[in-house]
Each structure stands twice: as C-alpha cells, then as structure tokens.
Amino acid sequence: ASIASMDMGLLLQDDVFVDFFNTFLNLPVFGQTPIYISGMGRWYLWPELPSHLDPSPAALLAWLEKHRLPHFCKSSLCLHLVLCQKLLGFIRSGEAAELLNWQSADQWLLERCISGSHGMRHFRAFVRGTAGEELIDFWLITERLLGLDESDGSQRDLFLSLVHRLRATHLREGSSIITLCTTIAGSLLKAKHIQSLSTRREILSKMQEQALFMIQSYWLPKFFMHCKMGMEEEESCQPLLQEYQERLSQASWQEPSGLSEPFPMMHIKRSQGVSGPYCSPKAKAEIWALVKEGRDTQELKMATFQMKPERQPGPAGSTAELCLEKDALGSIPQQSEHPANTAFGDKRGVTFPGRPQSSAEQDPGNLCREKITDLLPSASLAQLPSLKKPVKTLDFLPWALSAEACAGRPFRDFLQCQNRSMETHLLDLWHDLEEFLPVVLDSSRQNSFFLRHLIGEKICKTYLEEDSIEKLPLETRTLVSLWNHLICGEFSPWIFRAQKEICKLLCCLYEEFLADDDRMFLQFMAPGSDVPMPKVPGRAAGGWEHFHLSQRMNQSLRLSQALHGTRSLEGISSKHWQLLAARDLQKGGSVQAEMKLLL
C-alpha cells in the first residue's frame, strides 16, 4: 500500500525498486515492455513509438503509475521487494552491527549480494530445503494476507485461500513456524473462536515479525559467510572482494563523492527510422516467431526423441513436461509450447508421480520426451532464423499467461472490467492448474505433499463439482479426467489438454487486452493517435534486435517464476557468482546482468 501511494518519480530514485520493477515490466504478458537504466536516467521503449513523436517522460511516468504500478503491487515481485527492503534496513542498522559484529565493509558486501531480484533469488536458493525456506514462505504469504480486506467481497476468495494455505502448511503441528512461535501460535488457535478480525491479524503480525527477526539474525549471517566463500572461488568476483578488503582496511570508509551527485535527468531514447504504426501484438508475434523457429532449427541438429521406459528427474530448476501422443482414453494433443514451470526455450525433463499407471501409460511407445533447446547466445546474426511462418496469438498465449501469474494478473482485471465472468473463471482454472503442476511434479518442494492435496481439492471443489462442471465450456471428458486425478492430488496429462482448451477460448479476448493496453499507452504518450489493427504492417526490427528482446523477456520470466514459485529454484552454481559480479543496479540490474552473461 505504501508503494502504491508513492510518486513514481520518487520510487525510481531507489535502485532496488528499479531492479524489481524492470523485471516486472519485461514480463511478456504486456504489450509495451520498457526498461529503465537509472544510472543514465534513460528509458528504452519496446515496441518503439514512431520517430516523428517526441514522447514526454512525465507522460510515461503517469502511464506507469496508472497502468503498471497497481499490478506490480499485487505481484510476488513486489512482496520480494518489501522483504528485500526490510533485510537491507536490518543490514544497514546499528542493531545488526552490534548484534553480529559487522563492520561497514561487511554491510556493503552483503548489500551487494542480496539487493535486487537476483539477490533475493540467490538468497532463496541458499535456504532451500531448510527451516529458512519455510520462514520466508510464511513471511511472504502473511504479508500478502495482511494487505487484504476480508470484508471486501472481491478480495475474500483470495484471503480465504491464503488462510487455508497457511493452516495446511505453516500452522500445522511440527512446522518450523509453530516451533518458533509456540506461545503466539497458541493464542492464534484460541483466536479462531474470536470474532474480532483485528485480534487474529495482530497475532499473525507478531508471528510474522518473529519469523523476520529469525531470517535477519540467523539466516542472513549464514548467507553472508556462504557468499564470501563462494566469491573467493570465482574469478569474476575478485574485483568485488578486492574492494571489500580495501574497505575493511579503512575503519572509516567514505563513499566516493560522486554517489551524492544529482540524479541524471530522465529521458526517453528517441526512435530511429520507425515510421510504421505502433502495434504491440504484431511485435510480440515477431518475437515469438523468432524463438519458435530458432528452437525448431536447433532441434533438427539434435537426435530426435529418446524413448526410455523409465524417466529420471530433469536438472534442478526444470520441471516435467509430459508429452502423450495417445492415452488410454484417446488422443491428447502435444503441449510443446506449454510454459509450466519454465520460460520458453528452456530444457525440460519428465518426472512422474508415484501412482499406479495404466498399461497405456507404462508403454514407452506412448511417451515422448521433447527436446527443447535455448537459442545459443553465440549464434551470429546470419544464423538467426528468418520470420517465414505467420504466428498466431494462440501460439504464444501460454507463454503470456504464465507471465501473467507473476505480473499481478492484469489480464484477469481486464476480463472483470469487461464483465466476462465465465472467461475470468476459466482463466482462474488455468492458473490453478499451472500452480498445481510444479507442486505435484517436484516432491522436494517444501510442504509439497500438503500443497498438492490442498490445491487439487480446491480445483475440484471450485471448478469440477456437478453444479460447476455443467457451466464450463470445456469437453466433458477433459473435466471428468481432471477430477479423477486431482481429487487424489495426482498428476494428470489432462491438465495440458484443459489448458489448451482454455487458451482457445481466451485467445480473442487476449488480443483485445493487448489492443486496450496499446490504446491506453498511446493516450498518454501520443494523444489523438489511433491504434491500428494487428494486420497493419509496422517496422520490421532486425533479427539481432528481436533475439535480444526475446532473451530479455525470457530472463525476466525465468526470474519471476522462480520467485513466484511456478519454477523450481536452481541450485547454487558458478552462474550465481558470475551474475553477482555482473550486476550493477544503476545499469539495468538483474535483467541486464543476465543479458551480459548470456551475450
């Protein structure tokens, strides 16, 4: 709420906010996906506006404040920003220096390690599988819950969903939260019978404070030692360690005076040679065509499908994608573009839940593992594929919807404003199925057993019971098959079939959403301009520009999914230290660090 009420210009003076906001802005659900380089005060727009226009930074800030910031404040990225700010506040405090005997150099290095969306992903990867992971999950869910108004009908379903999630995971007997907050938790159990909402909120707030203090006082120091040891082994981190040693050697280190200089004047990079109409759906289709054709090109160079009777789990950070050509009940279309738990172009493996399988499912002839390869960063411009085949919105809609979950659900808000209750219901089902997949396919996740049953039962009761199932415009066979598996918390390939059917029903409305997003953007940036239909030709960007943009959005999606929970956190590797060395919050932060490492 405090972020939503602040002036956008003031928010952009905070480099940590800019880092999280850039990650959010580049999620591929939106039409316009700008990026801000705070050290230069420069905005880069994409798609670019026609070159005859002279866009105003003030107009851009007004548009961001009205059409992007409200969605950001509802996203998991914003929750991680708030947690990051609280951790940074503790690191900089005299309390931390006294409690942990930290010098200013220690505080400076830990700030570098944990700042931004990459820093928080690194921290969460470090505590994965420990009590620290449960403390962070509890803090994030509680922060979201306490920001909701239970009496508001539009927020009540989300509020109750979060309450049920807390009870099934963190507030059950034996959890780290109950162990840590035994006295307070006892009061909470008694408060179930108390009508006062404020009493329950106060108790949850106290538990959240205690969890945060444990994160700050115990897990942050352990993370700091982990970072120092990891950086010593990474050559690219040596300049950082050298500066750290210099700061340690000087008891009263003074920051260079250049850091106190005024912020650079904000401006927007002018377009060059852009004469066609502004049309984000066409630009997005061109990006997706490049990614899709590039992937197909790489697949031709590899051995095709490897058929094995038994599957091994995929590498850390990837989740299963099942590809059934035939099922015991009939044909199920392949979901080669399904973005579950991954960004597009990622490599995927297959993991099956431990349930009895039919003879058709056990037959390796009915299963295929799809090989999908990232576009190689070393590919020269001449090797980039040409945009030959036209791409339809349906081709990249799963990619966009996967990003929507991390972006505060802007498409859902659009559907509600259009009074599209059935389509909103279908979109909710798509996202609930998307949330279920990584939980059921990754048994190593914290509380995965409880969550798979909780989410599975929620989907069945909300969408698949007799009074609801008749209203859903999906195939009856699909809905019945979903019920048979999800009610037991089991994986089912029919999830992909259901999501594909939903995408077909939502496709035209997503096109309307993009057109509306363009219309709102032009109202601020170019008053009086008309938004052309997608069929109108615009400027064709170069192959290298498209590749760069596709990778920028891909990295934002991967990073956001990891923090949102729809993508497994990668184990700590040399890549984390290389990203730390490359990350400069004033030069694009986490997103640009990924690009620097990639290119």
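**Exercise 1. The whole chain**

What percentage of the 599 residues of the protein count as buried?

Solution. Start with the ground rules. This is a predicted model, where local features need pLDDT of at least 70, side-chain atom pairs count only at pLDDT 80 or more, and totals for chains, interfaces and linings use all residues. Residues are numbered from 1 along each chain as its sequence is written, and side-chain values use heavy atoms, with hydrogens and water left out.

Step 1. Fix the term: buried means under 20% relative accessible area, exposed over 50%, and partly exposed in between, with a 1.4 Å probe and protein chains only.

Step 2. Read the share: 53% of the 599 residues count as buried.

Step 3. Add the secondary structure. The protein has 26 helices and five strands. Helices (H or I, at least four residues) and strands (E, at least two) are DSSP runs, numbered from the N terminus.

Step 4. Look at contacts, meaning heavy atoms within 4.5 Å. Of the contacts with a separation of 6 or more, 78% involve residues 24 or more positions apart.

**Exercise 2. The core and its rings**

Find the residues that touch the most other members of the largest nonpolar core, then follow Phe-17.

Solution. Step 1. Define the core: a set of buried Ala, Val, Leu, Ile, Met, Phe, Trp, Tyr and Cys residues joined through side-chain atoms within 4.5 Å.

Step 2. The largest core holds 143 residues, and Leu-12, Phe-17, Phe-21, Trp-43, Phe-72, Phe-123 and Phe-411 touch the most other members. Helix α23 (residues 494–525) gives this core its largest share, 15 residues. In soluble globular proteins, nonpolar side chains tend to be buried together.

Step 3. Leave out residues up to four places away in sequence. Phe-17 then touches Ile-3, Met-8, Leu-11, Leu-12, Leu-69, Phe-72 and Leu-81.

Step 4. Now check the rings. Rings of Phe, Tyr and Trp (its six-membered ring) pair if their centres lie within 6.5 Å. The count is 20 aromatic pairs. Ring pairs link Phe-17, Phe-21, Phe-24, Phe-30 and Phe-72 into a cluster.

**Exercise 3. Two buried helix residues**

Compare the settings of His-118 and Thr-142.

Solution. Step 1. Place them. His-118 lies in helix α8 (residues 116–127). Thr-142 lies in helix α9 (residues 131–146).

Step 2. Check burial. His-118 has a relative accessible area of 3%, so it counts as buried. Thr-142 is at 0%, so it is buried too.

Step 3. Look for polar contacts: pairs of N or O atoms within 3.5 Å, where, within protein, one must be able to donate a hydrogen and the other to accept it, and residues adjacent in sequence count only if both atoms are side-chain atoms. The side chains of His-118 and Arg-121 form one of 3.2 Å. The side chain of Thr-142 reaches the backbone oxygen of Phe-138 at 2.7 Å.

Step 4. List partners beyond four places in sequence. His-118 touches Asp-19, Leu-559, Leu-579, Arg-583, Ser-590 and Glu-594. Thr-142 touches Leu-166, Leu-204 and Gln-208.

**Exercise 4. Arg-201 and its partners**

Is Arg-201 buried, partly exposed or exposed?

Solution. Step 1. Arg-201 is found in helix α13 (residues 197–232).

Step 2. Its relative accessibility is 23%, so Arg-201 counts as partly exposed.

Step 3. Measure along and across. Arg-201 and Leu-145 are 56 residues apart in sequence, and their C-alpha atoms are 9.2 Å apart in space.

Step 4. A polar atom of the Arg-201 side chain lies 2.5 Å from the backbone oxygen of Leu-148. Beyond four places in sequence, the residues that Arg-201 touches include Asp-149, Glu-150 and Phe-159.

**Exercise 5. Unusual backbone**

Locate a cis peptide bond and two residues with positive phi.

Solution. Step 1. Recall the background: most residues other than glycine have a negative phi, and most peptide bonds are trans.

Step 2. A cis peptide bond joins Trp-46 and Pro-47, with omega about -5°. Pro-47 is in the loop between β2 (42–44) and α3 (57–67).

Step 3. Arg-409 has phi near 60°, a positive value in a residue other than glycine. Arg-409 sits in the loop between α17 (393–404) and α18 (410–417).

Step 4. Asn-419 also has a positive phi of about 60°. Asn-419 lies in the loop between α18 and α19 (421–441). Its relative accessible area is 69%, so Asn-419 is exposed.

Terms used: Rings of Phe, Tyr and Trp (its six-membered ring) pair if their centres lie within 6.5 Å; planes under 30 degrees apart count as stacked, over 60 as edge-to-face and the rest as tilted.
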